[in-house]
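Biologist: Could you take me closely through a single part of this model, one helix and its surroundings, and explain how its residues are placed?

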Amino acid sequence: MLDVAVIEEPAAAEASLDPIRARILAALAEPGSAAMVATRLGLPRQKVNYHLKELERHQLVELAEERRKGNVTERVYRATAASYVISPSVLAAVSPDPSRSPDQLSARWLLALGSRLVQEVGALLTGASRAGKRVASFGIDAEVRFASAADRAAFAEELSEAVAALVSRYHDESAPGGRTHRVVVGLHQIPATPPPAAPAPPAAPAPPVSQEDPR
């Protein structure tokens with residue numbers, strides 16, 4: 001099982017987004033038959049079996065083993081990956097393109113860079129898994145809290161200068177056998193976590209029912 005699989009086919013993406021099939025994929029992190037998955041999810045076995053066939057057709061699940069039980073052969077499936085990412089290439093011509101509006105201060109441009117990152121690294125992962133190789137990559141994830149917008153702007157300027165200096169130092173256009181790599185650096189605010197919902201107030205007690213004789 002792969003750690004992450006990248007979905008690049010529109011039909012496979014559609015199959016993975018179906019709520020029931022997504023639940024089946026999650027349940028098949030551990031191998032199971034249609035009957036076992038149906039029990040885990042509280043669904044009819046026939047429905048699970050139908051969705052399993054569709055997931056197998058799109059290579060989102062695979063046959064792990066077959067067990068003989070009397071005159072019946074039980075097929076045990078497992079998900080092909082622990083998690084899945086849908087590549088922006090699924091959207092074809094309408095996927096974000098950084099070259100359309102290269103504005104370093106635009107959140108939309110940053111999102112387009114992220115989209116291209118998923119698409120390119122996803123293609124590398126797919127090719128590497130088929131060849132039985134690993135992808136050489138590197139990533140940094142850090143958090144910084146700025147006291148002011150001016151500090152954020154100064155940080156961005158210094159970071160740009162540092163990255164430009166490193167690229168200039170190591171870039172060799174004429175290196176025989178050299179491989180071109182892409183460097184992406186982004187800075188964005190972390191979305192605030194919504195506060196937990198307040199508990200509902202207790203219901204008002206019902207008014208007492210009169211026991212007086214209506215006569």
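Modeller: I will take helix α3, in what is a predicted model, and begin where the helix ends: α3 is followed by glycine 42, whose phi is positive, near 70 degrees. Within α3 itself, Ala34, Val37, Ala38 and Leu41 are buried. Because these buried residues fall within an arc of 105 degrees when one looks down the axis of α3, they line one face of the helix. The general background is that an α-helix has 3.6 residues a turn, so residues three or four places apart point the same way. The cover over the buried residues of α3 includes α2, α4 and β3.

Of these neighbours, α4 can be described through its crossing with α3: the two axes come within 8 Å and cross at roughly 115 degrees, and α3 passes α4 in a right-handed crossing. On the α3 side the contact is made by Ala34, Ala35, Val37 and Ala38, and on the α4 side by Arg45, Val48, Asn49 and Leu52; by character, the residues of this contact divide into six nonpolar, one polar and one charged.

The neighbour α2, which spans residues 19-27, has buried residues of its own, namely Arg21, Ile24, Leu25 and Ala27. They cover an arc of only 160 degrees around the axis, which puts them on the same side of α2, whereas Pro19 and Ala26, on the other side of α2, are exposed. The elements against which the buried residues of α2 pack include α3 (34-41) and α4 (45-57). At the N-terminal end of α2, aspartate 18 acts as a cap, with a side-chain oxygen 3.0 Å from the backbone nitrogen of isoleucine 20.

Notes
Residues are numbered from 1 along each chain as its sequence is written. This is a predicted model: local features need pLDDT of at least 70, side-chain atom pairs count only at pLDDT 80 or more; totals for chains, interfaces and linings use all residues. Side-chain values use heavy atoms; hydrogens and water are left out. Buried means under 20% relative accessible area, exposed over 50%, partly exposed in between (1.4 Å probe, protein chains only). Helices (H or I, at least four residues) and strands (E, at least two) are DSSP runs, numbered from the N terminus. The arc is that of the directions from the helix axis to the C-beta atoms. Contact means heavy atoms within 4.5 Å. A polar contact is a pair of N or O atoms within 3.5 Å; within protein, one must be able to donate a hydrogen and the other to accept it, and residues adjacent in sequence count only if both atoms are side-chain atoms. Axes are lines fitted to C-alpha atoms, for helices over the stretch in contact, and angles run from 0 to 180 degrees between N-to-C directions. A crossing is left-handed if the near helix is turned anticlockwise from the far one by less than a right angle, and right-handed if clockwise. Ala, Val, Leu, Ile, Met, Phe, Trp, Tyr, Cys and Pro count as nonpolar, Asp, Glu, Lys and Arg as charged, and the others, Gly among them, as polar.
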